[in-house]
Structure formats: structure tokens, C-alpha cells
Amino acid sequence: VLPTSGSRGCTAAVVELCFNQDLVDASSDETSVYKAQVEFMSLQEWLEELQILLNECCNPENNIVRRPDSRRDLDAASSWDKIEQVYGRRTLSLLLGKPKEEAWGVLKDDTRVLKLLGRDDGGVNTVVVQEG
């Protein structure tokens, strides 16, 4: 198990590497050399985290402020970066000065995130990738 950054904007938490036993057991040349199973957090988990991240990006009046200097406020800068990694660059720049509730409304209804993380049963989405 390989940990990833806990102090910088990061969209993953843990990576597990295993030997691909299928290569030894394979009876054909069509076995994939690389296999990956990516498990995403649930939509509810993300929305809870997004609330915390947005709090870090606001001034005392609860309005979105520009990206903080990471030398002065690493948590707020990391929160800004993480939101932009999920929603795209300049997402928060377009919401500068807006109330947190307005930014929340825009981000929580993003169709790409809803499609990736949202499931009717509240579970997590898993994507399997095979190459080589």
C-alpha cells in the first residue's frame, strides 16, 4: 500500500499494488499485463468533504476569496487546489466574491461529478481498466 499526499491537493488516498497472478495462470496471450480497479468515494462522502473545502476558501463573510498563498495558509491553498482538480481550473476563480451557498449550489449539481459518484443505492462506483 502506497500513501499519497496528505498535505497537498490530491484526489486519491491510497494505492495498492499487487502482482498480476493472471500472467502466470494465463493460457493465452490475450491476458492483460496491467489491471486496475479504481474505487471512487460515494457522492455523500464527497459532498461532506466539499463543504469543508469550501469553508477553507471563504472569508469571514462566507464569500469565495482568491486562492491563498500556500506559504501563508497551506490548508486553504490545498482546498482550493483540490476543488479545481475535481471541477477544473478556474472553477473557483469564476465564483470569486460569490456567497459560499451559491458556490455550493453550482458545485454540488455538477453533472460530471454526479455521474461519476452518484449511484441510486448510495454505494461507490468502481471502474476496471486493463491494458497491455
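**Figure 1. Contacts across the sequence in a predicted model.** Take contacts between residues at least 6 apart in sequence: 60% of them join residues at least 24 apart. Keep in mind as you explore that this is a predicted model. How many of the protein's residues are buried? Of the 132 residues, buried ones make up 26%.

**Figure 2. The helices and strands in order.** Here you can find five helices and four strands. Walking along the sequence, you meet them in the pattern β-β-α-β-α-α-α-α-β.

**Figure 3. Confidence along the model.** The average pLDDT of the protein is 83, and 84% of the residues score at least 70. Which element has the lowest mean pLDDT, and which the highest? Strand β1 (residues 2-3) has the lowest, at 46, while α4 has the highest, at 96. A friendly caution belongs here: where pLDDT is low, the predicted coordinates should not be read in detail.

**Figure 4. Helix α2 and its buried face.** Try a little check on helix α2, which has 14 residues (43-56). At 1.5 Å a residue, the helix should span 20 Å, and its end C-alpha atoms are indeed 20 Å apart, so expectation and model agree. Now look for the buried residues of α2: L43, W46, L47, L50, L53 and L54. They line one face of the helix, because they fall within an arc of 120 degrees when seen down the axis of α2. What do these buried residues pack against? Their partners are α3 (74-87), α4 (100-108) and α5 (111-117).

**Figure 5. Helix α4 and its buried side.** In α4, the residues to look for are K100, A103, W104 and L107, which are buried. Why do they sit on the same side of α4? They cover an arc of only 105 degrees around the axis, and therefore share that side. The buried residues of α4 pack against α2 and α3.

**Figure 6. A close look at K100.** This lysine is found in helix α4. K100 is buried, yet it has no salt bridge. Where is the nearest side chain of opposite charge? That side chain belongs to E101, 5.1 Å away from K100; a salt bridge would need a nitrogen of the lysine side chain within 4 Å of a carboxyl oxygen. Leaving aside residues up to four places away in sequence, K100 touches Q51, L54, N55, C58, N62 and N63. One of these names should look familiar from the view of α2: L54 is among the buried residues of that helix.

Terms used:
Residues are numbered from 1 along each chain as its sequence is written. This is a predicted model: local features need pLDDT of at least 70, side-chain atom pairs count only at pLDDT 80 or more; totals for chains, interfaces and linings use all residues. Side-chain values use heavy atoms; hydrogens and water are left out. Helices (H or I, at least four residues) and strands (E, at least two) are DSSP runs, numbered from the N terminus. The expected span of a helix is 1.5 Å times one less than its number of residues. Buried means under 20% relative accessible area, exposed over 50%, partly exposed in between (1.4 Å probe, protein chains only). The arc is that of the directions from the helix axis to the C-beta atoms. Contact means heavy atoms within 4.5 Å. Lys and Arg count as positive and Asp and Glu as negative; His and the chain ends are not counted. pLDDT is the predictor's confidence in each residue, from 0 to 100.
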